[in-house]
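This report describes the architecture of one protein chain, from its interior outwards to its loops. It should be read beside the sequence and the structure shown below.

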Amino acid sequence: MLEVKGLRKVYRGGGREVEALRDLTFTVEGGDLVCLVGPSGCGKTTLLRCVSGLLAPTSGDVRVGGKPVTGPPPGMAVVFQEYGRSLFPWMSVRDNVELPLKQKGVDRARRRELVEGALDAVGLGGTAGAYPWQLSGGMQQRVAIARAVAYEPETLLMDEPFAAVDAQTRADLEDLVRALWQRLEVTVLFVTHDIDEAVYLGRRVVMLSSSPTVVQDELVVDLPAERDQLHTRADPRFIELRTRVYEQIQLAKKAAR
Ligand SMILES: Nc1ncnc2c1ncn2[C@@H]1O[C@H](COP(=O)(O)OP(=O)(O)OP(=O)(O)O)[C@@H](O)[C@H]1O
């Protein structure tokens, strides 16, 4: 379980103060898939950096599995937007996926098993020996997902992971994330500015206001668990839910003006 309580973050420096997060409170139950959606610049990345222990909050509390986060929590993996910068170009795909497992102290035989399993799961079984720069953007993002999956995280944070890939690849990767989530029973916090993506993927959607950020609204996505790009997106309930999220985001933007 992931708990965020009264989280506030003020950036200070160069004689300037930016209150990125004002007062954020929400919970992600163990095994849930929650999408966070909010307007550009509302502090989504700041929030994920606080949750992953990369940034200290100004005040408030972040807990993972009941323990306060003071640095990168064990059992957490993060997939960032910029796959190009998150993979090491001088390492093969296999070595990129294996590296965190070495750091975790997993033995060689188990490492091989986990790397193969994760690459197969993302449909890259045949590319273990390639280098990231030999792959398309979508394939590189699959490698980043494989690396996170191989780590066997309890919590997976995803920061706009598909923002830089084309629409067709994005749809495939969305389905991949849902399939992996269902199979691995991992707790997922997925950040996006794309309302349709949030409703399609999430079991819950948390909507953020513009900066300084608070939780604007939350909803449960009561669509069937088995989703597919064609039918789910045409479901009248999907359209109702996306309309509600859209309206809330518009309200949040107006309130900020
Ligand atoms: N290191 C920093 N120093 C000062 N201000 C910062 C810093 N990082 C972010 N900010 C400010 O905090 C606010 C939130 O930024 P953040 O990158 O978290 O938003 P975001 O929702 O992820 O943005 P986007 O959707 O555009 O990626 C912005 O006003 C930004 O300018």
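In this predicted model, the largest nonpolar core comprises 65 residues. Those with the most contacts inside the core are V51, A118, A146, A150, L189, V205 and V245. Helix α5 (residues 137-150) makes the greatest contribution, with seven residues. Both domain 1 (2-75 + 153-256) and domain 2 (84-152) supply at least three residues to this core. In soluble globular proteins, nonpolar side chains tend to be buried together.

A118 illustrates the packing within the core. When its neighbours within four places in sequence are left aside, A118 is in contact with V97, A146, V149 and A150.

**Domains and their contact**

The protein is divided into domain 1, formed by residues 2-75 together with 153-256, and domain 2, formed by residues 84-152. Taken over C-alpha atoms, the centres of the two domains are 25 Å apart. Eleven residues from domain 1 and ten residues from domain 2 take part in the contact. On the side of domain 1 that touches domain 2, helix α6 (residues 167-184) provides the largest share, namely five residues. The residues of that side comprise ten nonpolar, one polar and no charged.

**The sheet and strand β3**

Ten strands form an open sheet with mixed pairing, in the order β5-β4-β1-β2-β10-β9-β3-β8-β7-β6. The edge strands, β5 (67-68) and β6 (76-79), each pair on one side only.

How is strand β3 (residues 33-37) placed relative to the rest of the structure? Five of its five residues are buried, so β3 is largely enclosed by the rest of the structure. A residue is counted as buried when 20 or more other C-beta atoms lie within 10 Å of its own. L33, C35 and V37 point one way from β3, whereas V34 and L36 point the other way. In a regular strand the side chains alternate between the two faces of the sheet.

The pairings of β3 with β8 and β9, and of β2 with β10, are set out below.

| Strand pair | Sense | Bridges | Opposed residues |
|---|---|---|---|
| β3 and β8 (residues 187-192) | parallel | five | V34 and L189 |
| β3 and β9 (residues 204-208) | parallel | four | V34 and R204 |
| β2 and β10 (residues 213-220) | parallel | two | D23 and V214 |

V34 thus has a partner in each of two strands: L189 in β8 and R204 in β9. L189 is also listed among the core residues with the most contacts.

**Surroundings of the ligand**

The residues around the ligand are Y11, V18, A20, S40, G41, C42, G43, K44, T45, T46, H193 and S211. Strand β2 (16-28) and helix α1 (44-51) are the elements that give two or more residues to this shell. The largest share, three residues, comes from α1. By character, the shell divides into four nonpolar, seven polar and one charged residue.

**Helix α3 and the loop that holds A128**

In helix α3 (residues 93-104), V93, R94, N96, V97, E98 and L101 are buried. These buried residues pack against α4 and α5. An α-helix has 3.6 residues a turn, so residues three or four places apart point the same way. Just after α3, G105 takes a positive phi of about 85°.

A128 lies in the loop between α4 (108-121) and α5. A128 is partly exposed, because 19 other C-beta atoms lie within 10 Å, whereas a buried residue requires 20 or more. Apart from its neighbours within four places in sequence, A128 is in contact with S92, V93, R94 and L119. V93 and R94 belong to the buried set of α3. The C-alpha atoms of A128 and V143 are separated by 9.4 Å, although these residues are 15 residues apart along the chain.

**Two loop residues with positive phi**

Which residue, not a glycine, has a positive phi of about 40°? This residue is E160, located in the loop between β7 (155-159) and α6. E160 counts as partly exposed because it has 19 C-beta neighbours inside 10 Å.

E185, which is also a residue other than glycine, has a positive phi near 55°. Its place is the loop between α6 and β8. E185 has 9 C-beta neighbours inside 10 Å and therefore counts as exposed.

Key: Residues numbered from 1 in each chain as written. Predicted model: local features only at pLDDT ≥ 70, side-chain atom pairs only at ≥ 80, totals over all residues. Domains from an automatic or database assignment. Contact = placed C-beta atoms within 7 Å. Nonpolar A, V, L, I, M, F, W, Y, C, P; charged D, E, K, R; others polar. Core = buried A, V, L, I, M, F, W, Y, C linked by C-beta atoms within 7 Å. Buried ≥ 20, exposed ≤ 12 C-beta atoms within 10 Å, placed from the backbone. Near = placed C-beta within 6 Å. Pairing = 2+ DSSP bridges.
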